Amino acid sequence: MPSESANSEGAELGRYLRARRTQTSPEHVGLTVGAGIRRTPGLRREELATLAGISIDYYVRLERGKETRPSPTVLDSLARAMHMDDQEHQHLRELAARAARYAPEPAPAPSRTVRPHLKLLLESLRPNPAYVISRSMDLLAWNPGGLALYTGLDDWPAKQRNLARYLFLHPAARGLFTDWDRQITACVARLRAIAGTAPDLTNLVGELLLKSPDFAGLWERYEVTGRRPAHKTFHHPQVGTVTLTSQSLHVEGTPGQRIGVYIAEPGTPDHDALLLLDMTAPRPPQRPAHTPRATGQQP
């Protein structure tokens, strides 16, 4: 008898199929729409089943989470029918694998521990803003510019600093990014893509669903293609408007930690702005050096 977990994974597969179906227009897949009002957004179930070459009954069972073992051929046919890109297609395969209970071992539990040499690396990257981020977008470590670039983020306690939370809930975020709408769309797509393998996202997603209508609307769309722009423009209150190139690097041997870096060509006004940001960013308080007591010394 299927376990509750398996049923849950089948439901997630169904939710993804429904989201993609309702956002696929008939015109996009070559169907001619007759006169009159269509009550169903996107494709109808029977239209998609026909395009994919499967029975309507089988597709309905898939979308309702009652069928959890679609063959690779069925998955490929559905992906072709809805013109999925490579990332969307791969996400469909991963959901089906989990629904069929032959997925690889779950991801390791998250950790907020950052290796000392990574913190040294962040310092060596100055004046380029850099930070270490978890798979759920928690900010784990940073150099001065890496924190100061996200204006107002240092107002929050360290454990609350999360870039998704910042984008949706911090009052300074909308003014900081020239393309805030694009930023939040890419952010939610990334979170959606890893949600099934990152149980540590549950609390964050629940908080954002409750507090941000923008997040709730994007989450419902179930887009997993996060197209991160190569360049980001910031309207920063301390250093003015600056356009930077972003780069993200996976940290080997960690549960999904990445290093994020922003760079600008030396000698340009953007690089001068980074120098200013690095020099004026608040520094954490220094701990006093520990001096060991001499043997026999009284406290």
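I looked up the accessible surface of the chain, which comes to about 16,500 Å², with 53% of that belonging to carbon and sulfur atoms (Shrake-Rupley method, 1.4 Å probe). The model is predicted, so I noted that local features need pLDDT of at least 70 and side-chain atom pairs count only at pLDDT 80 or more, while totals for chains, interfaces and linings use all residues. Residues are numbered from 1 along each chain as its sequence is written, and side-chain values use heavy atoms, with hydrogens and water left out.

I then checked burial: 46% of the 299 residues count as buried (under 20% relative accessible area; exposed is over 50%, with a 1.4 Å probe and protein chains only).

Next I turned to the largest nonpolar core (buried Ala, Val, Leu, Ile, Met, Phe, Trp, Tyr and Cys residues joined through side-chain atoms within 4.5 Å), where, of 41 residues, Tyr 150 and Phe 168 touch the most other members. Helix H10 (residues 180-194) gives the most to this core, with six residues (helices are DSSP runs of H or I, at least four residues; strands are E, at least two). Among the residues that Phe 168 touches, leaving aside those up to four places away in sequence, I listed Ile 184, Val 188, Leu 208 and Phe 215 (contact means heavy atoms within 4.5 Å).

Last, I looked at helix H13, in which His 271, Ala 273, Leu 274, Leu 277 and Asp 278 are buried. Seen down the axis of H13, these buried residues fall within an arc of 155°, so they line one face of the helix (the arc is that of the directions from the helix axis to the C-beta atoms). On the other side of H13, Pro 269 and Met 279 are exposed.
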